[in-house]
Amino acid sequence: MPRIAIVDNEKLKSIEQKLQIQKICPVNKTGQECIGIDPAGKLTIDEGLCTGCGLCVKPGNGAIQIINLPEEWNKKPVHRYGENRFCLYSLPAPSYGNVVGLVGINGVGKSTAIKVLARMIKPNLGDYEKEGNFDLLLDYFKGTEAQAFFQKLKEGKVKISYKPQQVELIPKSTKGKVRDLLKKVDEKNLFEKIVEELDLKNILDRELTQLSGGELQRVAIAASALKKANVYIFDEPTSYLDIKQRINISKFMKGLVDENTSVLLVEHDLIILDYMTEFIHIMYGTAGAYGVVSKAKPSKNGINTYLSGYIRDENMRFRPYEIKFLPRQPFVEKTNIELVCWDDLSKDLGDFKLKIDAGKLYKHRVIGVLGENGIGKTTFVKIIAGKLKTDKGNINQQLKVSYKPQYLEIEEDELVEFFLANAIAKYKTQLITPLHLEQTFTKMLSQLSGGELQRVMIAKCLSENAELYLLDEPSAYLDIEQRLALSKIVRDFVEQKGASILVVDHDLLFIDYISDDLMVFEGLPAKEGSAKGPFNMRQGMNRFLKHLQITLRKDIETHRPRINKVDSVLDREQKRKNEYYYAN
Ligand code: SF4
């Protein structure tokens with residue numbers, strides 16, 4: 001049976017621990033060196049000798065993974081990062097005339113796969129001691145459709161344009177004004193058109209260093225789209241974007257493809273992935289160990305297959321359970337005890353004005369907050385927390401608020417275990433274990449990945465003593481499974497603590513799944529905002545979706561929300577009835 005052994009030497013603290021692990025191995029006991037320690041003190045595992053008994057895994061304390069692979073994978077990987085490190089087993093295929101998506105959990109190699117296609121990683125077919133070479137793929141995919149693609153790529157007949165995942169790093173490597181950057185890469189002479197389509201007019205004269213995350217994202221997409229290419233690759237193109245911008249980007253992606261052009265993208269927002277792609281590949285495997293790309297499937301079936309955890313035509317169960325969108329369970333102890341109420345309020349902040357309609361929040365509720373970026377959501381919370389005085393109107397009391405901001409900044413670098421000491425002492429079973437934070441304890445905050453830092457900050461925020469919690473964009477950097485798990489963790493926390501939580505997010509599926517009530521922010525970003533609600537979900541969603549002119553339906557098989565195709569029979573029917581939000 002083919003087998004891979006993954007060792008994270010950073011997690012193995014001492015040479016004594018390594019020697020201890022070495023002693024346990026039954027193959028070592030026979031005198032062979034299955035587990036070795038190299039001259040640099042690194043623990044290594046010989047995959048050829050390993051029998052897969054798994055005895056070294058427990059004392060490895062999360063540092064060792066032994067994975068037995070199905071017999072049919074007794075083949076070389078496309079790429080391996082090094083000895084006992086991550087393996088990628090296949091690649092997605094661009095499809096001309098179509099937008100193709102990649103979906104899967106974090107850590108199974110989605111970014112690695114598209115970086116190989118974008119020629120940013122030279123594939124080594126598992127021979128990590130030699131430098132990789134793109135031509136190796138011609139042999140590897142011999143006799144398949146992919147071979148023709150790689151042949152054309154080699155001959156320069158296919159050109160690739162690539163947008164990286166972490167747009168926040170762009171200002172560190174590229175300096176200058178937005179206009180100059182975009183003009184420089186405008187190989188298609190489409191500057192004006194793309195600036196208009198991506199709503200970049202107002203920021204053309206800004207320095208890249210002055211841009212917000214959402215602005216950087218749109219500039220990065222524009223820069224990629226302005227290049228002449230046949231395959232456009234976008235790694236997470238909707239991070240930092242609000243829902244209106246996500247819908248706009250979806251239309252933009254569809255507009256990029258034609259019979260000679262394809263778009264390939266990685267996306268975690270399931271509603272948007274469904275809306276903007278024609279086909280998807282599922283990526284599965286074990287996070288940090290290996291990843292496999294499924295064959296392409298039409299998006300609707302592909303997403304349903306992904307949720308089911310079983311790829312029938314490949315006879316592959318990649319998750320032991322199915323993800324189901326069951327109706328939201330009301331809290332057992334639903335109370336109607338008022339937490340805070342306010343009159344009509346207003347606040348003038350110079351260029352920006354916010355109006356808040358009179359409203360109230362109840363205890364024991366999750367309140368979703370929807371609205372564009374820059375429209376006053378954070379200002380509203382500061383007012384409720386008494387941190388900002390209003391110009392007009394009163395609030396009946398000041399609440400103690402705990403707040404997780406949208407942009408995660410580390411004020412002082414420290415060990416996660418110390419940073420989360422309070423949460424570990426008070427909420428181990430409610431927060432630490434379900435958020436899988438134990439494995440981050442020995443890392444410094446600055447060493448965490450985006451998804452790990454997000455989960456740490458959520459636990460920190462919820463462990464504070466407060467009457468109202470605000471989670472601003474908690475879904476950022478989390479994959480679909482983590483988002484759904486987070487919904488459950490937050491709702492269980494509210495159930496047990498009787499707290500109320502405001503959740504600001506741009507993932508409609510996540511907001512729909514987690515919220516009891518909804519606040520809607522309307523207006524003109526950076527100019528004027530108007531806060532309305534909380535409404536019940538039907539009223540709030542109807543109001544919000546009507547503003548966007550999109551209608552939602554539920555998938556018959558999985559009950560997941562889907563956006564209706566504009567002008568389809570359902571879309572027209574729901575708009576006629578003024579029912580933009582599906583019936584439960
Ligand atoms: Fe040795 Fe492999 Fe067993 Fe680990 S799983 S103890 S390396 S034989």
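How many residues surround the ligand, and which are the closest? In this predicted model, the ligand is surrounded by 13 residues, and C25, C50, C53, G54 and C56 are the closest. Sorted by class, this shell holds ten nonpolar and three polar residues, and no charged residues.

The second largest pocket encloses about 1200 Å³ of space. Its lining is made up of 36 residues; nearest the centre of the pocket are R218, Q245, N373, G374 and P525. The lining of this pocket comprises eleven nonpolar, twelve polar and 13 charged residues. Four helices, α9 (213–226), α10 (243–256), α13 (377–384) and α20 (537–548), each supply at least two residues of the lining. The largest share comes from α10, with six residues. At the level of domains, the lining receives residues from both domain 3 (166–228) and domain 4 (338–536), and the second largest pocket therefore lies between these two domains.

Helix α17 spans residues 450–463 and has 14 residues. From the first C-alpha of α17 to the last, the helix reaches 20 Å, close to the 20 Å expected at 1.5 Å a residue. Most of α17 is covered, with twelve of its 14 residues buried. The buried set consists of G451, E452, L453, Q454, R455, V456, M457, I458, A459, C461, L462 and S463. In an α-helix there are 3.6 residues a turn, so residues three or four places apart point the same way.

One of the buried residues of α17, I458, can be placed relative to L431, a residue of helix α16 (residues 428–432). The two residues are 27 positions apart in sequence, and their C-alpha atoms are 8.8 Å apart in space. L431 has a relative accessibility of 0% and, because buried means under 20%, L431 counts as buried.

A residue of strand β20 (residues 366–370), V366, is also buried, with a relative accessible area of 0%. The C-alpha of V366 is separated by 41 Å from that of S90, which is 276 residues away along the chain.

Several features of the backbone conformation were also examined. The peptide bond from G533 to P534 is cis, with omega near 5 degrees. P534 is placed in strand β25, which covers residues 528–536.

Positive phi values occur at N61 and D567, neither of which is glycine. For N61, phi is near 50 degrees, and the residue lies in the loop between β3 (43–45) and β4 (64–68). For D567, phi is near 70 degrees, and the residue lies in the loop between β27 (561–563) and α21 (569–576). Are these two loop residues buried or exposed? The cut-off for an exposed residue is a relative accessible area over 50%. N61 has a relative accessible area of 64%, so N61 is exposed. D567 has a relative accessible area of 53%, and D567 is therefore exposed as well.

Note on methods:
Residues are numbered from 1 along each chain as its sequence is written. This is a predicted model: local features need pLDDT of at least 70, side-chain atom pairs count only at pLDDT 80 or more; totals for chains, interfaces and linings use all residues. Side-chain values use heavy atoms; hydrogens and water are left out. The expected span of a helix is 1.5 Å times one less than its number of residues. Buried means under 20% relative accessible area, exposed over 50%, partly exposed in between (1.4 Å probe, protein chains only). A residue is near a molecule or strand if one of its heavy atoms lies within 4 Å of it. Ala, Val, Leu, Ile, Met, Phe, Trp, Tyr, Cys and Pro count as nonpolar, Asp, Glu, Lys and Arg as charged, and the others, Gly among them, as polar. On a 1 Å grid over the protein atoms alone, a cavity is a set of points where a 1.4 Å probe fits but cannot get out, and a pocket is an open set with protein on both sides within 12 Å along at least five of seven lines; lining residues have an atom within 4 Å of a point. Grid points are joined across faces, edges and corners, and a volume is the space filled by probe spheres set on the points. Domain bounds come from an automatic or database domain assignment.
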